[in-house]
Amino acid sequence: MPLINLTVERIIIHQIFQKTSDTFTLPVKSEEYTNFDPNAMSDFEARIIQSLGTDSKAVTMKILDQNNVQDLPYLVNLCVDESNSDFIESSYQIAEKLARAQFHKSSAISGGIVVVFTGKQGHPQRKLLGIIKAELHSGYEKLVDQMTGQISLKHIQELLLTPNSRLFKTVGFCENLNYDPASTDLNDKWTPLIFDSQISKADGKASAEYFYRKFAGCGYLESSARTTKQYYDVTKNFILQLDKPSEEKYDLLNALTTYLKLDKSSAVDPTDFANKYFDIDTCDRYRNHLTENKIPTSSFIKDIEHIRTHLKLLKYTFSNNVKLEADPEVFNKDVIVTSIKGDRDENGDIPQWTQIIVKSQLIVKK
């Protein structure tokens with residue numbers, strides 16, 4: 001879902017630690033809210049949009065755990081409207097929950113800061129609660145003011161707002177529009193967006209399970225395979241309807257097939273695909289086309305189960321019914337397709353022909 005018109009209203013930061021023994025270490029609790037100046041707040045909001053917005057790698061997930069106060073979605077639903085004094089306690093519960101999720105992992109996970117914030121987003125604006133887990137650099141160890149209990153604003157600004165820093169893991173619970181207040185399923189009220197800096201790099205399911213499952217209480221949507229197939233079909237139809245020469249359309253279809261079959265990312269990012277292969281005007285039309293067909297424009301989990309056969313071979317079909325087919329990777333590497341002018345016909349017209357160069361020897365099979 002798009003994350004637009006964002007306004008962050010309050011931010012509080014706690015610190016968690018890397019597991020060093022079999023004894024759990026409680027997080028350091030901040031007793032004060034972090035108050036950015038207007039410019040810093042604007043930068044912070046921009047980083048949230050960069051992490052969770054339309055052009056990000058954030059993945060929409062489904063709430064799985066929601067039945068008791070130990071479940072993060074349940075806690076989020078309770079505390080999003082709390083007073084500032086009560087929210088300090090709830091935000092610390094969130095930090096402790098993340099710390100315990102990390103502690104029970106077999107491998108040591110780095111400590112860091114836990115940034116809990118609330119605000120509003122969308123048109124009309126609806127509630128948002130977000131949690132960021134960011135690693136600390138070596139220069140950011142002394143973070144707590146012993147007099148006030150506030151974690152250092154200067155250090156946090158440097159960590160979160162500089163261009164070289166990244167939001168390593170982020171979860172945002174976005175309130176849905178026109179949900180049924182009587183519904184007991186929090187999925188009707190909230191849409192969880194989860195970003196992991198490794199979301200597009202890992203093999204298989206990308207985001208760290210301890211974060212999205214054990215901590216956030218969320219899981220991948222069951223419809224990933226269906227969404228991937230719908231995305232493939234809608235994008236293919238969009239390419240075929242473009243006012244471009246046939247060979248350009250085939251190049252784009254080849255790019256789509258290669259992107260879904262060979263790209264190592266476990267997420268489909270429609271915006272990334274468009275930016276790589278379409279011009280600016282076509283990108284805008286493509287995004288509108290996806291929206292009209294109810295296809296996400298933000299990242300979603302890739303599952304090619306329903307289109308696996310479509311991705312095995314890429315086919316060129318000519319008007320005289322000549323067909324050429326090959327694996328998409330072979331097309332990319334060993335086949336050159338060029339449009340050329342043919343011989344003038346009896347009417348004086350010059351037809352368009354297609355020249356195909358195959359970087360291989362012809363083998364005639366019996």
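Relative accessible area sorts residues into buried (under 20%), exposed (over 50%) and partly exposed (in between), computed with a 1.4 Å probe on protein chains only. With that scale in hand, select Lys 276, which is partly exposed at a relative accessible area of 48%.

Before going further, note that this is a predicted model, in which local features need pLDDT of at least 70 and side-chain atom pairs count only at pLDDT 80 or more, while totals for chains, interfaces and linings use all residues. Residues are numbered from 1 along each chain as its sequence is written, and side-chain values use heavy atoms, with hydrogens and water left out.

**Helix 9**

Keep Lys 276 selected and add Asp 272, since the two side chains meet in a salt bridge with N and O 3.4 Å apart; the term stands for a side-chain nitrogen of Lys or Arg within 4 Å of a carboxyl oxygen of Asp or Glu. Both residues belong to helix 9 (residues 270–277), where they are 4 residues apart, about one turn of the helix; helices here are DSSP runs of H or I with at least four residues, numbered from the N terminus. Asp 272 is also partly exposed, with a relative accessible area of 23%.

**Helix 7 and its neighbour**

Move next to helix 7 (residues 224–240) and helix 8 (residues 246–261), whose axes come within 9 Å and cross at roughly 165 degrees. The axes are lines fitted to C-alpha atoms over the stretch in contact, and angles run from 0 to 180 degrees between N-to-C directions. The pair is therefore roughly antiparallel, a label given to angles over 145 degrees.

To see the contact (heavy atoms within 4.5 Å), select Tyr 231, Tyr 232, Thr 235, Lys 236, Ile 239 and Leu 240 in helix 7, which meet Lys 249, Leu 252, Leu 253, Leu 256 and Leu 260 in helix 8.

Staying in helix 7, select Lys 229 and Asp 233, whose side chains form a salt bridge at 2.7 Å from N to O, and which are 4 residues apart, about one turn of the helix. Lys 229 is partly exposed at 29% relative accessibility, and Asp 233 is likewise partly exposed, with a relative accessible area of 27%.

**Helix 3**

Finally, select Glu 96 and Arg 100, which form a salt bridge whose closest N and O atoms are 3.0 Å apart. Both lie in helix 3 (residues 84–103), 4 residues apart, and Arg 100 counts as partly exposed at 35% relative accessibility. Across the whole structure, a search finds 9 salt bridges.

Key. Helix = DSSP H or I, 4+ residues; strand = E, 2+ residues; numbered from the N terminus. Parallel < 35°, antiparallel > 145°, perpendicular 65-115°, else oblique.
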